[in-house]
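Subject: Structure handover

Hello,

Here is the structure I promised to pass on. Please open it first, then read my notes below.

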Amino acid sequence: MGNPEVSDVSIAVGDPPGGLGDAEAAAAVKPAAAARPGLCKRVLRYALEQWFILGLGVVIGFAAAVPRLGATGGWLRAEYSIKLPAIVLIFVISGLGLKTKALLGAAGDVRLHALVQGLSLGALPALGAAVAAGLRSAGFNPPLCDGLVIMASMPTTVSTNVVYTARAAGNEPAALVNAVLGNILGIFITPLWLQHFLDVSGAAPYAAVLVELSYTIIAPLLVGQALQYGAPRAVAWIKAHINTANVSSACILALVWLTFCNTFSNGAARKVPGGDVAAMVALNVALFAAFAALSFLVAWPPPPLRWVRRLLRVRRPDAVAVVICGSTKTVALGVPLINVMYGNVPTAGLLAMPLIIYHALQVLLGGLLIAPLRAWCLAAPPPAAEEGEHAGAARGAASASSRRWSLMALLLPGGRSSQADLGPRPGPRPGHHQGHQEQQHQEQQPQHHQEQQPQHHHQEQPAALPR
């Protein structure tokens, strides 16, 4: 077939005298061809859509070039000039955007909290300890093995979780509540894990951690909530004129830059052979993938274990929050805890190295997870469809179409599912009566034709006898 645009133009323009019809037709088609953007515009559009991922590469490269610029205690004193304002701004924006009812509802979701904290402070520390024991028996660097246990025993991180969950269309209130809850529980549970696995004793800096959580997370969140009720016009103007999601993402890029500045300026890496550092980087990548995969399988089990999903009442946005919160570890509690419990140990810097590397990798790899998690979350069927799948699995003999609707809709008289999935109604459907008459007419017409053919043959037969 020819190009429909060319055909339409040729018909409209015609072929005037002088042989100029083709030229005029080609000139008429040029605007349609010019409407398609060129390669440079498509690359620019893609870069603007993926600015966060590209920004991660830019800030990591900048940190590698000038690590002392953003390191703690460095030239900018970035822990005060950049880190603290960025974290406060992230949670003020969260307070502006989240409804109080949603936060209270997330705070009361005990099942989801138990799932996230059971993974972060239960299953993952045990998995990390098992991996470290295997490496230690294989002759790997003992301080790095102990540091791997410390890393796996840490609670989830805070600011990155909230922003990444929001960008991935996940349950942002649940991520925020579990981030705060995990860090509060971690100051009590993490030392117990270290005492059990590594036979070291010490107490976490409870007061310091609680004070830091209060002025970096809780107070900014309350300020944002108060502004929703005290200055609704200002909040509406901010939401209408400022892309707060991009502001939070820019703050995360600033925190990523600070993290990698500290990683590259840390002298502990120079005390370890290069092969061990490379092995630790590869191992942390594999552990992050394992932690994320385990969190996803627990939050969203395969069809044979779908009853677990029904038991936990987990939706896709909840599963996104579980994956992000379950696979990340905080360095804010880890480094002070190492200083308290291993303050006089010469290898204290090596013990912190796995946690520092993992924290740097999780912001990079977690950023790469945003797009697939968001696509998976937004591809979810309607809630009634998922409920219908659970109901169909419970009945066991339902058809595929009947499982698309919830059990409640199936039981309601006159509901859509009872009409669409449980068979036709007694009365004719719209348009069904006319179609049925046409079908009867088509069925009766051959029969009538067959009945008339013998009569016609019978009428012609006597005319043939006299011959």
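A cavity here is a set of grid points where a 1.4 Å probe fits but cannot get out. Its volume is the space filled by probe spheres set on the points. By that reckoning, the largest cavity holds about 70 Å³ of space. Please keep in mind that this is a predicted model.

**Cavity**

A search of the whole structure finds one cavity of 30 Å³ or more. Its lining includes Tyr-164, Phe-288, Gln-362 and Gly-366. Val-323, Ile-324, Ser-327 and Thr-328 are also among the lining residues, as are Leu-369, Ile-370 and Leu-373. Helix H17 (316-327) and H19 each supply at least two residues of this lining. H19 gives the most, with five residues.

**Overall picture**

The protein chain has 23 helices and zero strands. It runs to 467 residues, and 40% of them count as buried. Take the contacts between residues at least 6 apart in sequence: 77% of these join residues at least 24 apart. The accessible surface comes to about 25,100 Å². Carbon and sulfur atoms account for 64% of that surface.

**Pocket**

The largest pocket has a volume of about 1,200 Å³. It is lined by 47 residues. Closest to its centre are Lys-83, Glu-212, Asn-262, Val-331 and Ala-332. Helices H6 (78-97), H10 (159-167), H12, H14 (244-265), H18 (334-341) and H19 (348-378) each give two or more residues to the lining. Which helix gives the largest share of the pocket lining? That is H14, with eight residues.

**Gly-70**

Gly-70 sits in helix H5 (residues 67-70). Is Gly-70 buried or exposed? Gly-70 is buried, because its relative accessible area is 2% and buried means under 20%. Leaving aside residues up to four places away in sequence, Gly-70 touches Ala-78, Trp-257, Leu-258 and Cys-261. Lys-83 is 13 residues from Gly-70 in sequence. In space, the two are 9.5 Å apart, C-alpha to C-alpha. Lys-83 also appears in the pocket list above, among the residues closest to the centre.

**Salt bridge**

Side chains of opposite charge can pair when their charged atoms come close. How many salt bridges does the count come to? The count is one. The side chains of Arg-136 and Asp-146 form it, at 2.7 Å from N to O. The pair links distant parts of the chain, ten residues apart. Arg-136 belongs to helix H8 (residues 110-137), and Asp-146 belongs to helix H9 (residues 142-152). Arg-136 is partly exposed, at 35% relative accessible area. Asp-146 is partly exposed too, at 22%.

**Surface patch**

One nonpolar patch on the surface is worth a look. Ile-184, Phe-188, Tyr-206 and Leu-210 make up this patch, which covers about 330 Å². Helix H11 (172-198) and helix H12 (206-230) each give two or more residues to the patch. Ile-184 lies in H11. Its relative accessible area is 31%. Ile-184 therefore counts as partly exposed, and it passes the patch cut-off of over 30%. H12 also contributes two or more residues to the lining of the largest pocket.

Best wishes

How values were computed: Residues numbered from 1 in each chain as written. Predicted model: local features only at pLDDT ≥ 70, side-chain atom pairs only at ≥ 80, totals over all residues. Heavy atoms only, no water. Salt bridge = Lys/Arg side-chain N within 4 Å of Asp/Glu carboxyl O. Helix = DSSP H or I, 4+ residues; strand = E, 2+ residues; numbered from the N terminus. Buried < 20%, exposed > 50% of the residue type's maximum accessible area, 1.4 Å probe, protein only. Patch = residues over 30% accessible without salt bridge, like charges linked within 9 Å, V, L, I, M, F, W, Y side chains within 5 Å. Areas by Shrake-Rupley, 256 points an atom, 1.4 Å probe, with all protein chains shown as cover. Contact = heavy atoms within 4.5 Å. 1 Å grid on protein atoms, 1.4 Å probe; cavity = no way out; pocket = protein on both sides within 12 Å on 5 of 7 lines; lining within 4 Å.
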